[in-house]
Amino acid sequence: MTAEFDPTMSPAAGDAEKAPTPKAKRARGEFLFFALRSKKFVVSVSILLFLILLAIFGPMIDTNDPLALGDLPMRQPTLDPGNWFGTTYFGEDVFAQFVNGLRASFFVGLLGGGLGALIGMMVGFVAGYRGGWIDEVLNMVTNVFLVIPTLAVLLVITSYLQARGVMFEAIFIGATSWPWAARAIRAQTFSLRSRDFIDLAKLSGRSGPKVIVFEIAPNMSSYLFLTYILLFGGAILIAASLDFIGLGPTGGMSLGLMMYNAVTWAALQLGVWWWFIPPGIGIIAAVGSLYVMNVGLDEIFNPKLRDI
Amino acid sequence: MLSLNRISKTYKTGTFGGKDLVAVRDVSFDINPGEVISLIGESGSGKTTVGKMVLKLIDITKGSITLDGVDVAHKQGAELKTYYRHVQGVFQDPFSSYNPIFKADRVFSLIRSEFFADMPRAEWDAKVDGVLRSVTLEPNQVLNKYPHQLSGGQLQRLLVARALLLDLKILIADEIISMLDASTRIDVLNLLADLKSRGLGILFITHDLSLGNYISEKTVILRRGSVVEMGATDKVFGNPTHPYTRMLISSVPQLHKKWAQIEQELPAPIAGRGGCLFHEAYPLAGRTPDRPIDEPTLARVEDDHYVGCFELDSEKASQVA
Ligand SMILES: Nc1ncnc2c1ncn2[C@@H]1O[C@H](COP(=O)(O)OP(=O)(O)O)[C@@H](O)[C@H]1O
Ligand SMILES: [Mg+2]
């Protein structure tokens with residue numbers, strides 16, 4: 001911005017550095033082109049789609065109540081309907097538990113990740129755009145949330161709230177997982193806000209919120225998307241860990257809870273592998289493919305990372 | 001008329017804003033309709049800061065700016081919009097003036113949505129067409145294109161056209177041709193001359209003395225945030241009084257001479273003389289200054305010609321007295 005006139009510099013030379021990456025119209029085609037070429041992206045999206053379809057339609061195909069006790073405990077997986085993944089120590093249908101748990105996991109990811117992204121965006125945008133004392137206050141709040149011992153807080157809440165739903169879990173995760181997102185978004189906003197087109201938007205009479213939503217956010221949309229995906233995967237993982245240590249929702253089913261029950265009832269020692277393998281793989285596949293998709297998308301959005 | 005009344009800008013820098021950086025100090029001048037004022041200074045002298053204060057993009061630390069006698073400091077919301085109806089800016093880097101992910105003509109849409117939301121489509125299109133032609137752009141060559149598909153000159157003229165959509169009185173042009181190549185520069189300069197003849201007041205910010213001389217009625221020379229000399233362009237250039245101005249003007253033909261070199265060749269200021277960083281003494285030495293020493297003022301050389309504080313040589317001093 002402060003570069004002074006250099007007689008040897010033609011606009012074309014300046015252009016080469018600053019000109020944005022290709023036309024937006026072509027960009028869409030280009031996105032698809034590179035997306036389909038990226039193995040990371042294709043594989044992770046396929047796995048995710050499969051899991052999502054399973055979460056949506058699984059409970060419709062296998063309508064068994066995942067918590068209904070059955071007469072045939074610890075049955076090995078067979079091709080019989082209602083027994084594709086076998087049964088638990090109590091005769092519960094593991095497949096029904098799995099697909100319902102998957103549903104809950106995606107729900108927590110969607111909502112918890114979404115809430116985290118929302119808070120992170122609000123804090124990051126406002127802090128980065130306004131600067132000054134507002135930035136300092138928000139920065140302090142962010143730091144407080146970063147160092148809060150989340151688990152301890154949850155333990156305290158748990159001792160007061162006897163019945164906790166999936167909703168509560170999602171909100172709790174969202175409300176505690178946003179700080180890093182806020183920081184990253186703040187930094188990006190900070191670097192964008194001093195660009196001339198921001199000043200020009202202000203000269204056009206645009207208010208602060210409009211400048212953020214219509215000028216700054218579209219410029220980092222891919223970044224925001226990546227942030228959301230990471231928060232999404234993070235929320236699933238946190239939910240599974242909370243469920244696994246018994247701090248999860250009461251009633252209902254989740255992948256973490258399946259693991260918790262399997263361990264509690266000694267599935268490992270009894271050799272009931274079909275009880276803990278599906279939820280384990282489910283968590284790893286969902287979270288892992290989200291993270292791999294993040295890396296893949298990063299390469300697609302960011303031409304410098306592409307290996308050509 | 002837009003008046004700057006002794007405006008100053010102090011930036012807080014360093015960790016926790018511990019250090020003060022005085023970017024602009026006590027600058028006053030008027031921008032009249034139908035007049036180009038060039039604000040000349042080297043890089044970092046505070047030119048952009050002055051322009052941004054006028055455009056209300058940054059706050060003024062001290063002093064005031066008035067438009068037709070009304071202080072603009074507290075304008076907000078609708079009042080600020082009215083101000084922007086009359087006062088607009090174009091900046092140095094055409095490529096960073098456009099949001100790279102949108103088409104270039106979005107700068108027009110923004111004006112429409114904020115100022116002409118009720119105007120029927122056809123009427124608006126005709127208006128855009130009109131301003132484009134007045135900046136000698138062919139509408140179908142520039143509309144519906146992305147910024148990188150247009151040249152720097154086209155982009156800068158689009159920005160002028162954007163300002164002309166409004167009821168423009170004052171245009172702040174901050175080094176708007178310094179990134180253009182020679183052939184387009186002249187087009188944009190001619191455009192500014194045309195706007196001037198239509199009654200606009202233009203603040204032409206530049207680091208190029210000859211450009212300033214070429215285009216303006218009035219000249220303000222800025223150095224380290226302070227005005228060293230200002231007045232009618234022919235007087236400042238014809239009868240430069242401050243050593244700094246003289247050195248600048250005498251080195252214009254020497255294209256290789258850099259600003260930094262000029263700084264070095266200047267006689268060193270006498271230490272311990274207070275506020276004005278580079279004065280050697282108050283003008284009219286011996287008289288009691290009518291302002292505190294940390295608020296340097298300008299001395300009158302002749303009609304419409306003022307100079308910053310320094311020790312005038314005897315010849316000039318007699319002129320001033
Ligand atoms: N936002 C800012 N924060 C701190 N210092 C600044 C800021 N903007 C400009 N400056 C400083 O103020 C001085 C004047 O800058 P500027 O007005 O951009 O000069 P010019 O336009 O004449 O090159 C420079 O020393 C610059 O480093
Ligand atoms: Mg500048």
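**Ligand 1 and a helix pair**

Okay, let's start right at the ligand: an oxygen atom of ligand 1 has a backbone N or O atom of Gly44(B) 2.7 Å away. Keep in mind that this is a predicted model. Gly46(B) does something along those lines too, with a backbone N or O atom 3.0 Å from an oxygen atom of ligand 1. For Thr49(B), it's a polar side-chain atom that sits 2.5 Å from an oxygen atom of the ligand. And how much of ligand 1's accessible area does the protein cover? On its own the ligand has 570 Å², and the protein covers 66% of that.

Now, who's around it? There are 13 residues around ligand 1, and the ones that come nearest are Gly44(B), Gly46(B), Lys47(B), Thr48(B) and Thr49(B). By class, that shell has seven polar, three charged and three nonpolar residues. In chain B, strands S1 and S2 and helix H1 each supply at least two shell residues, and H1(B) gives the most, with three. Here's a nice bit: the site is shared between chains, because residues from both A and B surround ligand 1.

Okay, over to chain A and a pair of helices. H3, residues 39–61, and H14, residues 273–301, have axes that come within 8 Å and cross at roughly 145 degrees. Left-handed or right-handed? The crossing of H3(A) and H14(A) is left-handed. On the H3(A) side, the contact includes Phe41(A), Val45(A) and Leu48(A), and on the H14(A) side, Ala285(A), Met293(A) and Leu297(A) are among the residues. Sort the contact residues of these two helices by class and you get 13 nonpolar, four polar and two charged.

Methods
Residues are numbered from 1 along each chain as its sequence is written. Chains are lettered from A and ligands numbered from 1 in the order in which they are written. This is a predicted model: local features need pLDDT of at least 70, side-chain atom pairs count only at pLDDT 80 or more; totals for chains, interfaces and linings use all residues. Side-chain values use heavy atoms; hydrogens and water are left out. Axes are lines fitted to C-alpha atoms, for helices over the stretch in contact, and angles run from 0 to 180 degrees between N-to-C directions. Helices (H or I, at least four residues) and strands (E, at least two) are DSSP runs, numbered from the N terminus. A crossing is left-handed if the near helix is turned anticlockwise from the far one by less than a right angle, and right-handed if clockwise. Contact means heavy atoms within 4.5 Å. Ala, Val, Leu, Ile, Met, Phe, Trp, Tyr, Cys and Pro count as nonpolar, Asp, Glu, Lys and Arg as charged, and the others, Gly among them, as polar. A residue is near a molecule or strand if one of its heavy atoms lies within 4 Å of it. A polar contact is a pair of N or O atoms within 3.5 Å; within protein, one must be able to donate a hydrogen and the other to accept it, and residues adjacent in sequence count only if both atoms are side-chain atoms. Accessible areas come from the Shrake-Rupley method with a 1.4 Å probe; for residues, only the protein chains shown count as cover.
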